[in-house]
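Biologist: I should like a close look at one helix and the core to which it belongs. Please explain each term as it arises.

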Amino acid sequence: MTTAQGIALQTKGLTKDFRGFRAVHGVDLTVAAGGVHALVGPNGAGKTTLFNLLSGFLVPTAGTISVNGEDVTGLQPEQIAHKGVARSFQITSLFENLDPREHVELALQSRTTTGRKFWRSDRLMRQFRPRADELLEEVGLTHLATKPAGELAYGQKRALEMALVLALDPKIMLLDEPTAGMGIEDVTRTIDLVRKIAVGRTVVFVDHNMHVVGSLADRVTVLQQGRVLAEGSYEEVRTDPRVITAYLGESAHA
Ligand SMILES: Nc1ncnc2c1ncn2[C@@H]1O[C@H](COP(=O)(O)OP(=O)(O)OP(=O)(O)O)[C@@H](O)[C@H]1O
């Protein structure tokens, strides 16, 4: 049993309606501090909606969200980010002409008090270079530090996005399908990377790849039609008859 102190993220009765359609339905989720927690479920189960609620991009219809015991329900995404929660996106949002180092320097600068007015100053940006280079090394992009982002391969772009999330120094990382669209080599590299960055942090991730879920997650929550269908270790949920039915039912309809 997780003690109140050991809980990084918790939802109670979390619900989201879209014009009468209940996409997330009374979800009680408890994410242990320092844990790696996967959210899985068939298409349309409500995973992305839940992620959008946790990061403040959607406001819940009902229920509460707390971060380290503090109620954050209804806060804006920037306010939730200030509580130490950072989120990656499935869709790449990089500047084609800026290189990885410039991207990370901008991300580091964005969390300081200097604000945006100095963003063009090379001299001011240079103060972020040592930390930017450390982060690029952490995600394995040192050799590509000065290559325009537009010329990076897909897996390298996703690694850069991971560095941009890390630049915010989050205590809780929300990773939205970190291996989506990747070939086996990039998947393996991403698993290693997530393991590395999870040290001293809490990670919540969504992924459809069960190999990734089994390799990384110490706890798995299975959603179906907006509700929690099952929760436990990967082995527990993998062998749960309700989960098997949910997935087989989906493929039978496909
Ligand atoms: N803005 C919206 N307006 C109306 N319905 C929505 C909206 N966003 C999501 N939904 C619906 O809510 C349900 C859950 O969607 P969601 O994207 O959260 O599922 P998911 O588990 O992330 O699916 P996938 O694995 O396909 O990404 C779906 O039926 C979807 O059509």
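Modeller: The following account takes up helix H6 and then the nonpolar core. This is a predicted model, in which local features need pLDDT of at least 70, side-chain atom pairs count only at pLDDT 80 or more, and totals for chains, interfaces and linings use all residues. Residues are numbered from 1 along each chain as its sequence is written.

Helix H6 covers residues 154–166; helices (H or I, at least four residues) and strands (E, at least two) are DSSP runs, numbered from the N terminus. H6 has 13 residues and reaches 19 Å from its first C-alpha to its last, close to the 18 Å expected at 1.5 Å a residue; the expected span is 1.5 Å times one less than the number of residues.

Ten of the 13 residues of H6 are buried, that is, 20 or more other C-beta atoms, placed from the backbone, lie within 10 Å of their own. Among them are Gln156, Arg158, Glu161 and Ala163. The cover over the buried residues of H6 includes helices H3 (100–110), H5 (129–138) and H7 (184–197), together with strands E6 (85–87) and E7 (172–176).

The largest nonpolar core has 63 residues, and those with the most contacts inside it include Val104, Leu135 and Ala163. Such a core is a set of buried Ala, Val, Leu, Ile, Met, Phe, Trp, Tyr and Cys residues joined through C-beta atoms within 7 Å. H6 gives the most to this core, with seven residues. The core lies between domain 1 (1–84 + 171–190 + 202–254) and domain 2 (90–169), because both give residues to it; the domain bounds come from an automatic or database domain assignment.

Conventions
A residue is buried if 20 or more other C-beta atoms lie within 10 Å of its own, exposed if 12 or fewer, and partly exposed in between; C-beta atoms are placed from the backbone. Two residues are in contact if their C-beta atoms, placed from the backbone, lie within 7 Å.
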